[in-house]
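Visitor: Pick one part of this model and walk me through it closely, please.

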Amino acid sequence: KSTQFYRRLVKRYGSTSDSVGYYLRKPRRMHIFTWKGERDTLMSCLDSIRHYKCFMQAGFLSMDPRDGFVKAWVGGIDFNNFKFDHVSQSRRQPGSLFKAFVYAAAIDNGYGPCDELTDQAVSINYIEKGQKKTWSPHNVDWSHTGTPMTLKHAFAKSVNSIAVQVTEKIGWEKVIEYAHRLGIRSQLENVPSVCLGSSDVTLLELV
């Protein structure tokens with residue numbers, strides 16, 4: 001429904017017309033990309049969408065950490081057919097990579113790598129858009145040791161429960177602040193789950 005072809009059909013026939021579905025399924029000549037090279041073929045609009053959904057899209061970026069010099073920037077799998085840049089345009093949830101911002105903020109605000117917190121289930125109550133909500137994240141293996149753990153060890157093992165507790169203590173606004181200070185430009189949701197990378201960012205920002 002986001003394609004120009006679909007929009008033109010709706011504009012011409014109306015969204016409830018059978019003609020829309022008919023022309024979406026009608027084969028027509030088109031030039032397509034394949035791993036064996038580009039080729040001309042007969043294919044319907046819906047078939048072409050299915051065809052292109054089968055390709056794994058990816059981006060790659062390599063930078064020198066000393067000065068930010070870009071050594072390699074690959075925006076996608078084929079520039080002629082896919083103009084979308086997966087380095088600077090594509091936004092995805094970064095996940096546990098965001099814990100770097102959590103611990104940077106913590107260390108900068110009075111916590112040390114040898115400080116300990118207990119690896120246990122955590123629930124955070126907060127208000128989002130005027131509504132009371134509760135967030136109860138789990139560790140990747142859905143279990144907790146119930147024992148004290150240093151921040152250094154928790155960071156190394158990417159333990160969610162410790163990162164969430166640290167975030168609750170320093171405030172997720174502080175995590176967002178440090179993420180922006182360290183190069184994230186995308187808007188980050190002001191919610192506790194931001195510490196586990198729930199907000200979409202670009203690969204360029206992360207690197």
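Guide: Buried here means under 20% relative accessible area, with exposed over 50% and partly exposed in between (1.4 Å probe, protein chains only). In helix 2, residues 18-25, that label goes to Val 20, Gly 21 and Leu 24 (helices are DSSP runs of H or I, at least four residues, and strands E runs of at least two, numbered from the N terminus). Those three sit on the same side of helix 2, because they cover an arc of only 95° around the axis, taken over directions from the axis to the C-beta atoms. Helix 1 and helix 3 are among what covers them, contact being heavy atoms within 4.5 Å.

Keep in mind that this is a predicted model: local features need pLDDT of at least 70 and side-chain atom pairs 80 or more, while totals for chains, interfaces and linings use all residues. Numbering runs from 1 along each chain as its sequence is written, and side-chain values use heavy atoms, without hydrogens or water.

Now follow those covering helices to the largest pocket, with about 610 Å³ of space (an open set of 1 Å grid points that fit a 1.4 Å probe, with protein on both sides within 12 Å along at least five of seven lines; lining residues have an atom within 4 Å of a point; volume is the space filled by probe spheres on the points, joined across faces, edges and corners). Its lining has 22 residues, with Thr 3, Ser 48, Ile 49, Tyr 52 and Lys 53 closest to the centre. Helix 1 (4-13), strand 1 (28-32) and helix 3 (45-53) each give two or more residues to that lining. Helix 3 gives the most, five residues.
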